[in-house]
Amino acid sequence: MNHDAKKKVSPLSTLNRLSFQYYLLIILSALVFYFLFVHNQLYGEFDLYINYGSMIHYNFAQHGTLQFWTHTVSGGLPLYAYPDAPFFEFANLFHLLVANTVTALNLGLLAYLLIAGIGMFLLALELERNKGVALLASIAYMFTGNLLHSRSVMPFFYPSAMVPFIFFFLIKAVKTDD
């Protein structure tokens, strides 16, 4: 039996090695960002998105179904293919449970902030191998001007939150021997 063979490691095995206090600090930082800049506020033009969210909640609450098409907006609009508000993103999933559109949008932003913070933590940890530096990088990324500005344009906010994960998995893929 060859003991020198490398063990196959899952790309997300880094999550298993992380300490609870680092996750807690990332969550607290996201909550600080949320309460300073997002809570009960909407920036930008959200009239169509508010109507869209209201339709999602109404149909799910009244009929238990997801509405894929509406005839009341722009002479007919496919809700599942509307590029400004992806159908299966967090804000729309929160619309299923929460009647208030502003609250659903804010909870969606909070979820994406957590994703951005955890993604940057994993990326910085992969690059630097120092949890303190990774924590600082994740907090700095959550408070960057890009995320602060793009919260008013939802289609830009979601990809900005995913960028660290894209680079993290790219680095993991390049380092993999298979």
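**Figure 1. Overview of the chain, with 8 helices and 2 strands.** The model is predicted. Along the sequence, the elements are arranged as α-α-α-β-β-α-α-α-α-α. The chain has 178 residues, of which 40% count as buried. Among contacts with a separation of 6 or more, 67% join residues 24 or more positions apart. The views that follow show helix packing around α5, and then single residues.

**Figure 2. Packing of helix α2 (residues 20-37) with helix α5 (residues 101-128).** The axes of the two helices lie 9 Å apart, at an angle of about 140 degrees. The helices α2 and α5 are therefore oblique to each other. Their crossing is right-handed. On the α2 side, the contact is made by Tyr22, Tyr23, Ile26, Ile27, Ala30, Leu31, Phe33 and Tyr34. On the α5 side, the residues are Asn106, Leu110, Leu113, Leu114, Gly117, Ile118 and Phe121. Sorted by class, this contact holds 13 nonpolar residues, 2 polar residues and no charged residues.

**Figure 3. Packing of helix α4 (residues 90-97) with α5.** The axes of α4 and α5 come within 8 Å and cross at roughly 135 degrees. This makes α4 oblique to α5. The crossing of these two helices is right-handed. From α4, the contact involves Phe90, Ala91, Phe94 and His95. From α5, it involves Thr101, Ala104, Leu105, Leu107, Gly108, Ala111, Tyr112 and Ile115. The contact of α4 with α5 comprises 9 nonpolar residues and 3 polar ones, with no charged residues.

**Figure 4. Packing of α5 with helix α6 (residues 131-142).** The axes cross at roughly 145 degrees and come within 8 Å. The crossing of α5 and α6 is right-handed. Residues of α5 in the contact are Leu113, Ala116, Gly117, Met120, Phe121, Ala124, Leu125 and Glu128. Their counterparts in α6 are Lys131, Val133, Ala134, Leu135, Ala137, Ser138, Tyr141 and Met142. The contact of α5 with α6 contains 12 nonpolar, 2 polar and 2 charged residues.

**Figure 5. Surroundings of Ser138 in helix α6.** Ser138 has a relative accessible area of 0% and is therefore buried. A polar atom of the Ser138 side chain lies 2.8 Å from the backbone oxygen of Leu135. With neighbours within four places in sequence set aside, Ser138 is in contact with Ile26, Gly117, Met120 and Phe121. Of these, Ile26 is one of the α2 residues that meet α5. Gly117, Met120 and Phe121 are among the α5 residues in the contact with α6.

**Figure 6. Arg129 in the loop between α5 and α6.** Phi of Arg129 is near 60 degrees. This is a positive value in a residue other than glycine. The relative accessible area of Arg129 is 54%, so the residue is exposed.

**Figure 7. Phe165 of helix α8 (residues 154-175) and its contacts with Ile115, Ile118, Gly119 and Leu122.** The list of contacts leaves aside neighbours of Phe165 within four places in sequence. Phe165 has a relative accessible area of 18% and is buried, because the limit for that class is under 20%. Phe165 and Ile118 are 47 residues apart along the chain, and their C-alpha atoms are separated by 8.6 Å. Ile118 is also one of the α5 residues that meet α2, while Ile115 is one of the α5 residues in contact with α4.

**Figure 8. Glu126 of helix α5 and Lys172.** The relative accessibility of Glu126 is 4%, so the residue counts as buried. Glu126 and Lys172 are separated by 46 residues in sequence. Their C-alpha atoms are 8.6 Å apart in space.

**Figure 9. Phe37 of helix α2 and Leu148.** Phe37 counts as partly exposed, because its relative accessibility is 27%. Along the chain, Phe37 and Leu148 are 111 residues apart. The separation of their C-alpha atoms is 7.9 Å.

Technical notes:
Residues numbered from 1 in each chain as written. Predicted model: local features only at pLDDT ≥ 70, side-chain atom pairs only at ≥ 80, totals over all residues. Heavy atoms only, no water. Axes fitted to C-alpha atoms, helices over the stretch in contact; angles between N-to-C directions. Helix = DSSP H or I, 4+ residues; strand = E, 2+ residues; numbered from the N terminus. Parallel < 35°, antiparallel > 145°, perpendicular 65-115°, else oblique. Left-handed = near helix turned anticlockwise from the far one by under 90°. Contact = heavy atoms within 4.5 Å. Nonpolar A, V, L, I, M, F, W, Y, C, P; charged D, E, K, R; others polar. Buried < 20%, exposed > 50% of the residue type's maximum accessible area, 1.4 Å probe, protein only. Polar contact = N/O pair within 3.5 Å; in protein donor to acceptor, adjacent residues only side chain to side chain.
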